[in-house]
Structures are given as C-alpha cells and as structure tokens.
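Me: I would like a close look at one part of this model, the enclosed space inside the protein and what surrounds it. Please take me through that part slowly, and then outward to the packing elsewhere.

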Amino acid sequence: MAPARHVIVAGAGIGGLTAALALARAGMRVTVFEQAEKLEEAGAGLQLSPNSSRILIAFGLRERLASVAVAPQAIRVMAGGSGREIVRIPLGDEAERRYGAPYWSVHRGDLQSALADAVRGELDVALELGVRVEDFAAHVNGVSVLGKRGMQILNEQAIALIGADGIWSSVAARLYRNQPPTFRHRTAWRALVSTDAVPEEFRQPFVHLWLGHDAHLVHYPVKAGKLINIVGIVHDEWNEAGWSAAGDRAEILRHFARWAWSEKARALISIPDRWLKWALYDRKDPFRAAKVPVTLLGAAAHPMLPFLAQGAAMAIEDAAIVADMLGKYLDDPSDALRAYVGARWHRTFRAQQFSRRQGRIYGLTGPEALVRNLAMRAMGGEKLRARYDWLYSWRPPERYQSSSY
C-alpha cells in the first residue's frame with residue numbers, strides 16, 4: 001500500500017479502534033495491526049463519562065451502546081467499615097443535562113464490538129489480526145512498519161504510526177521509553193456476576209464505591225443491567241505483567257477481612273467463584289512528542305491508575321485529537337503529531353495526577369478516614385460532582401459535536 005494518506009495503528013483495543021474510525025472519517029486510509037488472532041469479549045466493565053461518550057455518539061454509536069450500557073443514576077459512596085452511605089453523587093439525566101452527554105457503565109467487550117463493527121463498515125480501514133508490530137523506521141516519506149504474523153513478515157509504508165498497544169507497548173519501547181512503568185503496590189481484582197445473585201439494594205442503576213481499610217471496592221451494572229461488574233483494589237506486592245491472571249477467591253476474601261463491620265460488602269465479595277487480577281502501574285512523566293512521525297495514545301502514552309475511571313475515556317479523547325491534527329496538518333505528519341501531543345499532554349498528565357491523589361484519599365485509614373468521610377458528607381453530592389467539571393465538560397473539535405460525523 002502506498003504511504004499517501006495511509007496511517008498505521010498498532011492495537012485494536014478501545015483507543016486503537018476509535019483512532020481507526022476517527023482517522024477514516026477524517027479522510028485517511030488506515031491499517032490496524034492487532035496481535036490477537038481474534039477480537040474476543042475480554043475484560044470486564046468500564047465507565048464512560050460524558051467527555052468520551054459524546055465522541056462515540058458523534059460516530060453514530062448512541063443507539064448501539066445505549067442498548068447494552070447502563071446510565072447510572074448516581075455514585076453511592078459507602079463506608080467500608082460501617083456499610084453506611086457517606087454521600088450520593090448525582091448522575092443520570094441530571095449529569096447529561098449538565099455535560100451534554102450521558103454517563104454510561106458498559107462491558108468492555110460490548111464497546112469493543114461496537115467499535116469493531118463500525119471500523120469494519122469503513123472501506124478505508126483494514127483490520128489485520130494476528131499481527132504484532134516488531135519495529136519501525138522513519139524516512140523522508142514517512143515510516144516503514146515491520147509486522148509479524150506467525151512466520152510471515154509484513155512491511156507496510158505509511159505517513160504515520162500510532163501506538164495504541166497498551167501499557168506494555170512495543171511501539172513505545174522502540175520510540176523512547178527506556179524505563180518500564182512504575183508498579184504502585186496495588187492489585188485490582190475483577191469479577192462479573194449475575195444481577196440476580198446480588199442483594200436487591202445493589203441491583204439498582206448505581207455505581208457503588210466503598211472506601212475501607214487498606215482497600216476499596218467498586219461495583220456497577222453492565223450488559224443492560226444483566227450483570228454486575230465488581231472490582232476490588234488492595235495493597236499488594238504481586239506485580240506480574242498482564243491484566244487477566246487467575247485470582248484465588250480465598251485470597252481476596254482475606255484482603256477484605258478487616259472490613260469486619262460491613263457484612264454487605266464482604267457478602268458481595270464472597271459471591272463470585274472466579275476472579276481475575278492485575279497489578280497496577282502508571283508513569284509519573286508526561287508523554288512527549290517524538291522527532292519522527294510516530295506517536296502513542298491511551299495507556300501506551302499515559303498509563304494511569306483506575307481511581308478516576310478515565311483510562312478508556314482518555315484513550316477515546318486521544319483518538320479524536322490525533323485524527324483531527326493529522327487531518328489539519330496532512331502535509332507534515334510529524335508536525336501534526338507534535339501538535340497532538342501539545343494538545344494532550346497537560347490534560348492527560350493532570351488526569352494521572354488526579355487519579356494518583358484520589359487513590360491516596362481512598363486509602364486513608366483511622367482518624368484521617370473519618371475526617372474524609374465527614375468532609376464528603378458536608379460537601380454533598382452536587383459539589384463533589386462539580387470537582388469533575390474539568391473532566392466531564394471537555395469538548396472535542398467541532399466535527400465531533402453531532403452524530404452526523
């Protein structure tokens with residue numbers, strides 16, 4: 001394939017597929033290299049705040065996603081020690097009116113499937129499965145990308161390469177990353193259970209956030225309310241790479257044993273028979289522009305801890321902006337990618353810092369935790385939600401402001 005207007009994306013996760021769709025809609029031809037042999041319904045739930053859902057709606061995905069997502073009415077912040085509600089942060093219709101787009105909880109597989117189907121509907125996108133990006137080389141005409149499918153070697157030419165291949169990105173490793181991501185001494189455990197298996201109180205359309213001793217717990221409905229996604233985050237020294245290691249049910253129950261007074265939370269954790277876990281990593285340094293027409297997005301660029309629920313949202317935002325910049329500055333893709341990094345680094349760095357700080361607040365114990373709970377209750381839900389205005393009120397370029405794009 002000739003390099004003119006051709007962009008290669010490494011990775012067919014949420015960020016990579018959104019980038020492919022955005023680039024195609026901006027007039028590019030796109031090849032997506034994904035090392036997995038097939039796109040499977042992996043992962044669990046994720047939260048799509050208005051800053052990201054408005055981009056997906058602009059791609060015409062509202063009806064598809066609304067049929068499988070849940071629009072939580074509020075975030076119920078709960079005390080892990082007593083089991084009592086601390087505060088309720090309003091979402092639902094009120095949040096959509098405030099921010100101009102819905103707040104959704106959705107299964108990652110449903111979102112990936114919707115994006116993949118949209119990508120397959122684009123004539124100018126080729127989705128190549130089973131291909132790993134091995135190397136690249138910049139030259140006067142753009143970049144040559146070396147991929148490998150089994151024993152077959154692929155050599156593609158493009159004007160730009162976008163690494164959307166996750167926290168352990170091979171593109172990032174070859175671009176400028178000398179140091180691996182930093183382990184944060186925490187492990188996240190996840191499980192999916194039938195909604196019918198949980199107490200009636202937890203079947204309602206809410207995000208439940210429990211703050212307790214040395215751990216916190218989040219659960220919310222996905223799959224149009226048919227399943228409940230449960231995530232427990234604990235202090236731990238287990239730090240293997242990957243995000244789907246098998247977890248021992250007895251081990252996570254031990255982690256939450258100190259929540260002695262919260263029978264409801266501990267009962268919820270005891271429901272799943274199967275748990276998966278992953279170690280939490282991030283980076284303190286902001287991602288930066290390269291001198292060649294290669295860049296990164298999502299976790300490859302700015303991995304962040306999950307305490308802000310913005311990992312997928314930031315990747316979706318990245319995808320919209322990188323496509324917009326390449327569309328504007330097509331004559332000089334390297335300049336376009338530098339403009340993209342210039343537009344993104346401060347916001348994503350702020351989100352990383354905010355998430356790190358949020359994690360420290362969630363992890364408070366003893367008298368500090370009591371002060372935290374009293375302060376949250378005194379502020380009230382609406383003022384707490386206003387602290388996220390800088391996140392949720394973000395608007396992409398004008399082309400993403402309607403569903404006709």
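Reply: What follows starts with the cavity, moves along one of its strands, and ends with the nonpolar cores. Please keep in mind throughout that this is a predicted model.

When the whole structure is searched, 1 cavity of 30 Å³ or more is found, and the space in the largest cavity comes to about 60 Å³. Its lining is made up of Arg-186, Gly-212, Asp-214, Ala-215, His-216, Ile-233, Val-234, His-235, Phe-307, Gly-359, Tyr-362 and Gly-363. Three elements each give two or more residues to that lining, namely strand S14 (215-222), strand S15 (227-235) and helix H10 (333-362), and of the contributors S15 gives the most, with 3 residues. Sorted by class, the lining holds 5 nonpolar, 5 polar and 2 charged residues.

Strand S15 also carries Asn-229, a residue that deserves a separate look. Asn-229 has a relative accessible area of 0%, and because buried means under 20%, Asn-229 is classed as buried. A polar atom of the Asn-229 side chain lies 3.0 Å from the backbone nitrogen of Gly-45. Leaving aside residues up to four places away in sequence, Asn-229 touches Ala-44, Gly-45, Ala-191, Leu-192, Val-218, His-219, Tyr-220 and Val-222.

Helix H10, which also takes part in the cavity lining, holds Ser-334. The relative accessibility of Ser-334 is 14%, so Ser-334 counts as buried too, given the limit of 20%. Its contacts, again without residues up to four places away in sequence, are Lys-291, Val-292 and Pro-293.

Turning to the packing elsewhere, the largest nonpolar core has 72 residues, and within it Leu-23, Leu-111 and Leu-326 touch the most other members. Helix H9 (residues 311-328) supplies the largest share of this core, 9 residues. Leu-111 may serve as an example, since outside the residues up to four places away in sequence Leu-111 touches Ile-14, Leu-46, Leu-48, Leu-56, Leu-65 and Val-106. Apart from the largest core lies another, of 35 residues, which includes Leu-211, Val-222, Leu-391 and Tyr-392. Val-222 links this part of the account to the earlier one, as Val-222 is also among the residues that Asn-229 touches. As general background, nonpolar side chains tend to be buried together in soluble globular proteins.

Key
Residues numbered from 1 in each chain as written. Predicted model: local features only at pLDDT ≥ 70, side-chain atom pairs only at ≥ 80, totals over all residues. Heavy atoms only, no water. 1 Å grid on protein atoms, 1.4 Å probe; cavity = no way out; pocket = protein on both sides within 12 Å on 5 of 7 lines; lining within 4 Å. Points joined across faces, edges and corners; volume = space filled by probe spheres on them. Helix = DSSP H or I, 4+ residues; strand = E, 2+ residues; numbered from the N terminus. Nonpolar A, V, L, I, M, F, W, Y, C, P; charged D, E, K, R; others polar. Buried < 20%, exposed > 50% of the residue type's maximum accessible area, 1.4 Å probe, protein only. Polar contact = N/O pair within 3.5 Å; in protein donor to acceptor, adjacent residues only side chain to side chain. Contact = heavy atoms within 4.5 Å. Core = buried A, V, L, I, M, F, W, Y, C linked by side-chain atoms within 4.5 Å.
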